[in-house]
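Biologist: I've got this model open and would like a close look at one part of it, the main nonpolar core and the strands around it. Could you walk me through that?

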Amino acid sequence: MAVAGVRAWRWGRYRVLVEGAGGLEVEEVPVYRSSGGPLMKVLLSSACMMDCRYCPFSRYCRVPRERWPPGKLARAFTAAWQMGLVGGLFLSSGLYGDPERVAGDMVEEARRVRELGFRGYIALRLMPGTPKWLVREALGVADRVGVNLEAPSPSGLAEIAPSKGSWSLDLLGPLLYAAREARDPRRVSTQLVLGAAGETDEEHVTLAARLLGEGVGVIYYSPYTPVPGTPLARRRPPTPAWRARLLSEAVALMRDYGYDPRWILDALDDRGMLPRPRSPGETLKDVIARLHPEWYPVDPSTAGWSELVRVPGIGPKAASRILRAREAARGARLDAAVKAILGPARYRRARRYLHTTH
Ligand code: SF4
């Protein structure tokens with residue numbers, strides 16, 4: 001591999017020089033700034049024979065199609081990684097052939113990345129209907145493996161992505177198989193196009209509770225955005241970002257805070273939707289706290305972890321720190337320790353829910 005130079009092209013995209021069939025060639029590396037650091041987030045191919053009605057790469061849309069030749073994506077990624085531009089790879093693809101072939105090509109490209117020396121984060125988003133043996137191969141080379149469910153039910157999928165096959169057999173089946181094989185929920189992910197099928201939050205919360213229970217630990221909600229020229233564009237309004245934020249919070253409350261799914265379902269309105277936040281800072285946890293005045297005040301000197309994490313402003317780590325702090329402090333000294341653990345802003349939020357000695 002040769003790397004002759006790099007320069008910023010525009011925010012989130014860089015150009016690197018890599019060896020191709022005709023000598024050194026310029027390649028673009030799309031960079032996504034994730035919370036875990038910069039990722040190269042890319043499709044192996046934008047050619048696709050599916051008809052997902054929200055997607056600009058569906059077979060009905062006239063857009064330029066590109067495909068990375070075998071090995072070239074791995075070389076471009078490695079060049080960007082060696083220059084410190086990216087710290088991980090997220091690889092997906094349009095369905096340019098049968099699912100086994102496409103998923104196999106993705107796994108092969110991830111293997112090349114490993115062979116070029118990269119030991120960091122690789123995520124593979126596999127195809128509908130990926131066979132079990134390839135799911136296992138993917139788990140052998142990638143840190144995280146997923147299959148997009150797109151919609152929370154078979155009828156929702158039939159409406160927005162009819163050619164993707166059976167929701168239960170082709171999407172949920174490989175996803176749950178990956179979860180069983182991985183035995184670590186953090187290694188298995190899925191994504192849903194939020195609002196594209198006109199579905200309710202009740203459907204999403206119910207599905208998320210099931211997925212978390214079966215070992216799928218990472219669930220992304222991508223708010224539906226109409227793309228001109230796609231069949232859904234005139235039929236569905238865009239989904240507001242706050243809806244995705246509420247559902248992501250619902251997942252975190254069930255997964256990390258031990259919330260019973262029923263507490264979240266109790267917050268739904270008559271239409272089966274979570275309430276729109278009253279202010280930019282209001283969280284789903286605030287809403288649930290309002291519905292359960294009987295939970296408060298929580299006494300930090302006697303409460304268990306699961307009671308502490310129900311206090312707005314107290315997260316799982318802070319709850320554990322408070323439990324440790326009270327082994328050494330009581331009364332006003334414990335109040336001071338709680339204040340120090342939470343910091344001024346979170347303490348102000350939590351205080352009305354806490355029983356304090358002053
Ligand atoms: S399979 Fe993926 S790339 Fe193809 S149309 Fe559907 S969402 Fe778009």
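Modeller: Sure. Let's start with the core itself: the largest nonpolar core has 86 residues, and the members that touch the most others are F77, A80, L124, V145 and A250. Residues from both domain 1 (35-237) and domain 2 (240-291) go into this core, so it lies between the two domains. Keep in mind that this is a predicted model.

Now zoom in on one of those well-connected residues, L124. If you skip its neighbours within four places in sequence, L124 is in contact with L91, M106, V107, A110, A138, A142 and V145. V145 is itself on the list of residues touching the most other core members. L124 sits in strand β6, where it stands opposite L91. That takes us to the strand next door, β5.

Strand β5 covers residues 88-92, and four of its five residues are buried, so the rest of the structure largely encloses it. On one pairing, β5 runs parallel to β6 (residues 121-126), with four bridges between them. To get from β5 to β6, the chain passes through helix α2 (residues 99-115), and that β-α-β crossover is right-handed. M106, V107 and A110, which are among the contacts of L124, have numbers that fall in the α2 range, 99-115.

β5 has another partner, β4 (residues 37-43): these two strands also run parallel, joined by five bridges. One bridge to look for is K41 with F90 in β5. Here too there is a right-handed β-α-β unit, made of β4, helix α1 (residues 72-82) and β5. F77 and A80, both named among the residues touching the most core members, carry numbers within the α1 range, 72-82.

As for the wider setting, the protein chain is divided into domain 1 (35-237), domain 2 (240-291) and domain 3 (292-351). There is also a second, separate core, with eleven residues that include A303, V311, I322 and L354. The centres of domain 1 and domain 3, taken over C-alpha atoms, are 39 Å apart. Overall, the protein chain has twelve helices and nine strands, and 38% of its 358 residues count as buried. Its C-alpha trace spans about 75 × 45 × 40 Å along the principal axes. Finally, of the contacts between residues at least 6 apart in sequence, 63% join residues at least 24 apart.

Methods
Residues are numbered from 1 along each chain as its sequence is written. This is a predicted model: local features need pLDDT of at least 70, side-chain atom pairs count only at pLDDT 80 or more; totals for chains, interfaces and linings use all residues. A residue is buried if 20 or more other C-beta atoms lie within 10 Å of its own, exposed if 12 or fewer, and partly exposed in between; C-beta atoms are placed from the backbone. Two strands pair if DSSP finds at least two bridges between them. A crossover is right-handed if, with the strands pointing away from the viewer, the path from the first strand over the helix to the second runs clockwise. A nonpolar core is a set of buried Ala, Val, Leu, Ile, Met, Phe, Trp, Tyr and Cys residues joined through C-beta atoms within 7 Å. Domain bounds come from an automatic or database domain assignment. Two residues are in contact if their C-beta atoms, placed from the backbone, lie within 7 Å.
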